Amino acid sequence: MIFRKICLKDFRNIEELEIFPGEKVNIICGENAQGKTNLMEALWLFTGAKSFRQTKDSEFIRFGAEKANLTAEFYSENREQTAEISFSPQKSLKKNGIDIKSSAEYAGTIGGVVFSPSHMNLFRDGPKERRRLIDTSLCQLYPKYLSVLADYKKVLDQRNTVLKDARYHSGLIDMIDIYDEQLARLGGTIIRTRVNYCESLNKKASEIYKGMSGAREEFFAEYITTVLSENEHADSSMSTADFAQKFYDSLRASRNYDFEHGSTSVGPHRDDLEVTLDKMPVRSFGSQGQQRSCILSLKLGEAKMLGEAMGEPPLILLDDVMSELDSLRREYILNSIGESQIFLTCCDKELFSGLEEGKVFIMEKGRLLGGGAVCEAD
Ligand SMILES: Nc1ncnc2c1ncn2[C@@H]1O[C@H](COP(=O)(O)OP(=O)(O)OP(=O)(O)O)[C@@H](O)[C@H]1O
Ligand SMILES: [Mg+2]
C-alpha cells in the first residue's frame, strides 16, 4: 500500500493541505501543537479504524468549519485507487468513487499499523492494554475473530451476573453449567488464536529488537494464560479443544472462589502478553528506552504479519517515537524498517539526521512547508 497524494480540508487545525509523500520514509517535523499528530490521525482514518486518540467524530472538524474532508490517492492490490472520508459531523466514506455504507464494508481497504504516545503505557498499564494490542491486530487479520470476542463477552457477562445473583436466587446456580460450557468453547478458540499469533509475533518482533538494539539484549514475548497452571506453557502444539478443556477444568476448579467474588477469575479476559529482555520482565525492569523499543518491535512485528496476510506491505505510522531512543535505535527506524511506506513525526531535526533516503516535510500551524525535500542515498 502506498499513498500517492493526500488532501485534507478543515481537518483539526489543518485548513487546507496537500501532500505527495515518498514511497518509503516520510518525516513530518515541527514544533509542538503544529498539527503533526493531526496529519497522522487523518492518514490512520483511511485504514477504516477509529482514531488512535479518544475522540468524537465532530472533533475532527476544524473549529468554525462545517465539514472536514479527506481524500487519498493510493496504490494497492496492483492498481491505483481512491478513498474519501468526510465528517459533517456524520461520517461518510467513498472508495473508488462509490459510497460505502458501513465501516465493516470499508475495512481492509488499507492495512496499517500505528504507534502513538498512548502506546507508551503498554507496560505501565494492566494486562487489558496488552490484550487489546493482540486483539486489535487479530481483528484486522481475521474479521471473524471480532464476533467470537463479542460472543465470549456476552456469555462472560451472563455468567458474572449469575455469580452475583445466585446468593439471592439459588435456582440460578444450574445456569453456571451451561455458561461454563459455552465459555470454554469460545475461550478455547480465543486462546488458541492468540497463542498462535503471539508465537509468530515473537519471532518477528525479536528479530526487529535484535536489529534495533544491536543484539544487546534478547527479546522474548509470550502469551500467558490463566487457564494453565504456572508451570505449564501455552504453545501452538495445543489444539483449540485442548485449551477449551483446560479452560473448562479451571472454571470448575475456581467456581467456589468465583461465587465468593462475584466474577470469573480465569479465562482469556484475564490473560496477558509478557515481554522479557534477557529473561527479565520489561514491565518491572525495563528502562524507558527499552520499553519503547519493545513496543516498537511488537508494532513493527505486527506490520510484518499484516503484510504477509494482505500480500503487500502495510502503512506504518510512527508518531513521536524518536525521543528516548539512542542513535543506534533511531537509525534502525529511519533506515531498516523495510518495504512499508512510513510516516514518522518528530519535533527536532537532530532526531532524523541519520536518514539515508526519504522525504522531509516541515509542519507549521497546520501547513506543510518545504514540499518534501528529498534525502537520497549516496
Ligand atoms: N477541531 C479542531 N480545530 C482546530 N484546531 C484543532 C482541532 N482539534 C485539535 N486542534 C489543534 O491542533 C493543534 C495541533 O495538534 P497536534 O496534536 O497535531 O500537534 P503536534 O504537532 O502533534 O504537537 P506535539 O509535538 O506536541 O505532539 C492543537 O493545538 C489543537 O488545539
Ligand atoms: Mg503530536
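## A small cavity, two domains and a shared core

The largest cavity in this structure, which is a predicted model, has a volume of about 30 Å³. A search of the whole structure finds one cavity of 30 Å³ or more. Rolling a probe the size of a water molecule over the atoms shows where empty space is left. The lining of the largest cavity is made by F123, R130, L273, E274, V275, V282 and R283. Two elements, strand 10 (272-277) and helix 8 (282-285), each give two or more residues to this lining, and the largest share, three residues, comes from strand 10.

Strand 10 also holds T276. Is T276 buried or exposed? With a relative accessibility of 10%, T276 counts as buried, because the cut-off for a buried residue is under 20%. Leaving aside residues up to four places away in sequence, T276 touches E218, F219, F220, P281 and V282, and V282 also belongs to the lining of the largest cavity.

### Domains and cores

The chain is divided into domain 1 (2-111 + 314-375) and domain 2 (127-285). The centres of these two domains, taken over C-alpha atoms, are separated by 34 Å, and the contact takes six residues from domain 1 and nine residues from domain 2.

Where does the largest nonpolar core lie with respect to domain 1 and domain 2? This core has 76 residues, and those with the most contacts inside it are I27, F219, L296, L298, L318 and I333. Helix 5 gives the most to this core, with 15 residues. Because domain 1 and domain 2 both give residues to the core, it lies between them. One of the residues with the most contacts inside the core, L298, touches L122, F123, L133, L201, A205, F219, A221, L273 and V275, when residues up to four places away in sequence are not counted. A second, separate core has 37 residues, and F11, F60, F74 and L315 are among them.

### Buried helices and a buried strand

I333, another residue with the most contacts inside the largest core, is in helix 10 (residues 327-335), where R329, R330, Y332 and L334 are buried as well as I333. The buried residues of helix 10 pack against strand 3 (25-29), helix 5 (175-213), helix 9 (288-310), strand 12 (315-319) and strand 13 (342-346). Helix 1 (residues 36-45) is mostly covered, with nine of its ten residues buried, and these are K36, N38, L39, M40, E41, A42, L43, W44 and L45.

Strand 12, one of the elements against which helix 10 packs, is largely enclosed by the rest of the structure, because five of its five residues are buried. In a regular strand the side chains alternate between the two faces of the sheet. From strand 12, L315, L317 and D319 point one way, while I316 and L318 point the other way. On one side of the pairing, strand 8 (residues 112-115) and strand 12 pair in the parallel sense over four bridges, and the bridge partner of F115 is L318. Strand 12 is also joined by four bridges to strand 13, and these two run parallel, with L318 standing opposite L344 in strand 13.

### A hairpin and some backbone exceptions

Strand 1 (residues 2-11) and strand 2 (residues 14-19) pair in the antiparallel sense over five bridges, and within this pairing I6 has I19 in strand 2 as its bridge partner. The two strands form a hairpin with two residues between them, and R12 lies in the turn.

Most residues other than glycine have a negative phi, and most peptide bonds are trans. The table gathers three places in this chain that depart from that pattern.

| Place | Backbone value | Location |
|---|---|---|
| R12 | phi near 50° | loop between strand 1 and strand 2 |
| K279 | phi of about 70° | loop between strand 10 and strand 11 (280-281) |
| S88 to P89 | cis, omega near -5° | P89 in the loop between strand 5 (79-87) and strand 6 (91-95) |

The surroundings of the two residues with positive phi can also be described. R12 counts as buried, because its relative accessibility is 17% and the cut-off is under 20%. K279, in turn, is exposed, because its relative accessible area is 74% and exposed residues are those over 50%.

Technical notes. Residues numbered from 1 in each chain as written. Chains lettered and ligands numbered in written order. Predicted model: local features only at pLDDT ≥ 70, side-chain atom pairs only at ≥ 80, totals over all residues. Heavy atoms only, no water. Buried < 20%, exposed > 50% of the residue type's maximum accessible area, 1.4 Å probe, protein only. Contact = heavy atoms within 4.5 Å. Core = buried A, V, L, I, M, F, W, Y, C linked by side-chain atoms within 4.5 Å. Domains from an automatic or database assignment. Pairing = 2+ DSSP bridges. 1 Å grid on protein atoms, 1.4 Å probe; cavity = no way out; pocket = protein on both sides within 12 Å on 5 of 7 lines; lining within 4 Å. Points joined across faces, edges and corners; volume = space filled by probe spheres on them.
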